[in-house]
Amino acid sequence: MNQLNQLNDQKMLSGKVALITGSGGGLGKAIGLSLLEAGASVVLTDLLLQEEDASKDKVPRNRHPLVFKMDVTRPEQISKVVDEVTERLGVVDILVNNAVMPGFIETEIVKSHRPEILERVKNVTAMKRLGRPEEVTALVVFLASEFSSYMTGTAIPVTGGADLFVF
Ligand SMILES: NC(=O)c1ccc[n+]([C@@H]2O[C@H](COP(=O)([O-])OP(=O)(O)OC[C@H]3O[C@@H](n4cnc5c(N)ncnc54)[C@H](O)[C@@H]3O)[C@@H](O)[C@H]2O)c1
């Protein structure tokens with residue numbers, strides 16, 4: 001299958017194993033669900049995550065993420081999770097650990113800022129709005145796929161043009 005067909009098929013990450021840290025909510029969870037849609041086997045991990053939290057989410061039919069409680073500041077927890085994931089799914093191919101540079105994206109934590117702060121942010125953003133989680137997840141799926149095979153060691157801002165202004 002050529003790359004464009006794969007893109008249409010939305011299964012360009014089939015056979016890959018993806019582990020996302022801090023994915024109990026917000027961007028991490030949105031990224032995990034997008035990688036699942038793209039065909040990857042997905043492992044959600046978070047300090048606060050419980051198995052039942054993920055089961056409430058809409059996931060592609062017959063496809064569920066593995067869910068682990070894991071604190072990224074505790075190396076022994078990371079080793080334990082990685083060992084179990086490797087045994088159950090194979091080696092982790094994709095690690096999402098704050099790999100993109102978002103501007104202000106509408107997650108619960110951002111929406112909890114005072115309205116005047118959010119207005120100020122919108123005013124200094126070229127697109128005059130906050131970002132949506134799916135505008136970050138699309139980039140993560142691309143970066144995790146063969147489409148980005150000649151990209152490495154770089155940062156891609158997803159900021160709605162906030163970085164075009166000098167604060
Ligand atoms: N949303 C934005 O606009 C924005 C902008 C810039 C940077 N970021 C960064 O992107 C990341 C995700 O943002 P978000 O809006 O989804 O935030 P969020 O608060 O909704 O999600 C962060 C998640 O990380 C988990 N977490 C915190 N400490 C942890 C630890 N030690 N080990 C494992 N999990 C831990 C939390 O439980 C939570 O589920 C954050 O690091 C945030 O600072 C977000």
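In which loop, between which helix and which strand, is the place of Gly15? Gly15 sits in the loop that lies between helix H1 (3-9) and strand E1 (17-20), where helices (H or I, at least four residues) and strands (E, at least two) are DSSP runs, numbered from the N terminus. Before I go on, please keep in mind that this is a predicted model, in which local features need pLDDT of at least 70 and side-chain atom pairs count only at pLDDT 80 or more, while totals for chains, interfaces and linings use all residues. Residues are numbered from 1 along each chain as its sequence is written.

On confidence, pLDDT is the predictor's confidence in each residue, from 0 to 100; the chain averages 88, and 84% of the residues score at least 70. The lowest confidence in the chain is in helix H3 (residues 51-55), with a mean of 53, and the highest is in E1, at 98.

Let me return to Gly15, which is exposed because 10 other C-beta atoms lie within 10 Å; a residue is buried if 20 or more other C-beta atoms lie within 10 Å of its own, exposed if 12 or fewer, and partly exposed in between, with C-beta atoms placed from the backbone. Gly15 and Gly39 are 24 residues apart in sequence, and their C-alpha atoms are 7.3 Å apart in space.

Now to strand E1, whose two faces are both covered, since Val17 and Leu19 on one side and Ala18 and Ile20 on the other are all buried. In a regular strand the side chains alternate between the two faces of the sheet.

The sheet itself is open and has four strands in the order E3-E2-E1-E4, with parallel pairing, where two strands pair if DSSP finds at least two bridges between them. Strand E3 (66-69) and strand E4 (94-96) stand at the edges with a single partner strand each, so one side of each has no neighbour in the sheet. E1 pairs with E2 over four bridges, and three bridges join E1 to E4. Ala18 has Val42 as its bridge partner in E2 and Ile94 as its bridge partner in E4.

Finally, the ligand: which residues are closest to it? It is surrounded by 21 residues, and the closest are Gly22, Gly24, Gly26, Leu27 and Thr107, where a residue counts as near if its C-beta atom, placed from the backbone, lies within 6 Å of the molecule. The elements that give two or more residues to this shell are helix H2 (26-37) and helix H5 (108-111).
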